[in-house]
Amino acid sequence: MSVTGVSVAEREEKLRQIEQIVGSELLHGSESLCKLLRYLAEHCIDHPGTGVKEYEIATDLFKRPANFDPRIDAMVRVQTGRLRSKLAEYYAGPGAKDPWIIEIPKGSYALMCYPRPVPAAAEDVPAAAAPSSHTAFAGNLRGASRSRPWLIAVLILSAAVILLAVALVTVSLGRAGGRTATTTENPDTPAGLAFLWNDFVAKPNEPWVIFSNAEFAGRPETGMHYFNRATDKAQPILDHYTGVGEVLGIHELDRVFALLHHGLRVKRGRLLSLDDAQNNDLIFVGSPSENLSLREIPTTQDFVFQPMTSGPRKGDLSIVNVHAKPGEGKYFLASEIPLTEDYAVIGLMPGLNPARWVMLLAGITTMGTQAAVEYVSHPNTVESLLSRIGHPVSGKIVPFEAILRVRISQGVPVQSEIVAFRLRR
């Protein structure tokens, strides 16, 4: 008996292979990738030889509207690229001996499922009789020169191409500034991004992005404001709003981690637990005034968020330069409305668990937060940041803190520069 040309037994074997991958540590917690793998697998098994369109995946699986335009929304391509990378990683590790191989060829959404080839038995050749690779190559050339004169030219040209490729790789590594190779480096990944984010993508677990969701009172249609425990204690707390900069920042981080062939998990700040903080690398998007979980987790030491306690801006949130150096400001405040200038903190430090990392990307306002994320997401600004860090002896990123000055035009951050920087030793 068969189903669409595939025997029931074979179909069940393939589906078992899919579920084994879904249950692996590499896909643990990534519901969207698991759904996509099952969807493509069922289409491949039940409709062999037919392709599946990006539009179908978007509307059938991810419930995008009928007017979905893949030129604007790259979600399917990004998710498929992440799944393709996860499959390659799976078969390079825990699935190295699995009986079935699952892969998604580049440029396609058609999943392929085929049995692992059985390795051919090596011939028993006496050691003394086995020619070396150099001898065999020379012998082939001599034979080729006698019987097929054109073949020697092809072989020499192939050897030249290989030598040229090795030389180009050597040159490109030298241009990378002498940094130690990381697990994320590939021809499509800027070296600076790979170096900065390596400790977040070198582990199989996906880091958590923790975004702001401050406490509000009131309703949007009648007047919503930050929750004040003194005056709003009778009102219900609304905690399901976040800023424009946080939304755009998470989108930008997702793009970067897709480029680095790694996933992200997203969680709002009020749902973060201490267990989460102990067991995961964390990327905080938003300041402690709105990302309330930051009040319980130690982060930056030199540049900290505090409200002003005196002066005309009393009560306004500021960034305090705790150990200000000559020529540096002590307090940094966003401009008043209309917002034309903001400040933000970028900080990388060990987490509550020293084996984990915390990245803080936080502005005084949501515009500063967006600028901080963009600064660690674009190759040119990342290189500027890394020039401050230098080349650590260990060859790995070291903890640091930085303050950004952000210029804003019509509600959009347009220029950012580092105005204070510290290495944490």
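## A tour of the cores, pockets and cysteines

Start with the largest nonpolar core: select Leu-196, Trp-197, Leu-253, Ile-283, Ile-346, Met-359 and Leu-361, which touch the most other members among its 42 residues. Keep in mind throughout that this is a predicted model.

Next, colour helix 7, residues 191-201. Helix 7 is the biggest contributor to this core, giving seven residues.

Now centre the view on Ile-283. Leaving aside residues up to four places away in sequence, Ile-283 touches Trp-197, Phe-200, Trp-208, Val-209, Ile-210, Leu-253, Phe-257, Leu-264, Met-359 and Leu-361.

A second core, separate from the one just visited, has 32 residues. To find this second core, select Val-22, Val-52, Leu-87 and Ile-104, which are among its members.

**The largest pocket**

Move on to the open space. The largest pocket holds about 860 Å³. Select Tyr-226, Ser-289, Glu-290, Leu-317 and Ile-364: of the 37 lining residues, these are the closest to the pocket centre.

Then show helix 8 (244-259), strand 10 (303-307) and helix 10 (366-375), each of which supplies at least two residues of the lining. Strand 10 has the largest share, with three residues. Colouring the lining by class gives 15 nonpolar, 14 polar and eight charged residues.

**The second largest pocket**

The second largest pocket contains about 500 Å³ of space. Select Met-75, Val-78, Gln-79, Arg-82 and Asp-254 to reach the residues nearest its centre, out of 20 that line this pocket.

Helix 2 (31-46), helix 4 (75-92) and helix 8 each give at least two residues to the lining here. Helix 8 also supplies at least two residues to the lining of the largest pocket, so keep it displayed when switching between the two views. By class, the lining of the second largest pocket has seven nonpolar, five polar and eight charged residues.

**The cysteines**

Finish with the cysteines. How many disulfides does a search of the whole structure find? The count is zero.

Select Cys-113 together with Cys-44 to see one case. The closest cysteine sulfur to that of Cys-113 belongs to Cys-44, and it is 5.9 Å away, too far for a bond, because a disulfide needs the two sulfur atoms within 2.5 Å.

Is Cys-113 buried or exposed? Its relative accessible area is 15%, so Cys-113 is buried. Cys-34, the last residue to select, also counts as buried, since its relative accessibility is 9% and the limit for buried is under 20%.

Conventions. Residues are numbered from 1 along each chain as its sequence is written. This is a predicted model: local features need pLDDT of at least 70, side-chain atom pairs count only at pLDDT 80 or more; totals for chains, interfaces and linings use all residues. Side-chain values use heavy atoms; hydrogens and water are left out. On a 1 Å grid over the protein atoms alone, a cavity is a set of points where a 1.4 Å probe fits but cannot get out, and a pocket is an open set with protein on both sides within 12 Å along at least five of seven lines; lining residues have an atom within 4 Å of a point. Grid points are joined across faces, edges and corners, and a volume is the space filled by probe spheres set on the points. Helices (H or I, at least four residues) and strands (E, at least two) are DSSP runs, numbered from the N terminus. Ala, Val, Leu, Ile, Met, Phe, Trp, Tyr, Cys and Pro count as nonpolar, Asp, Glu, Lys and Arg as charged, and the others, Gly among them, as polar. Buried means under 20% relative accessible area, exposed over 50%, partly exposed in between (1.4 Å probe, protein chains only). A nonpolar core is a set of buried Ala, Val, Leu, Ile, Met, Phe, Trp, Tyr and Cys residues joined through side-chain atoms within 4.5 Å. Contact means heavy atoms within 4.5 Å.
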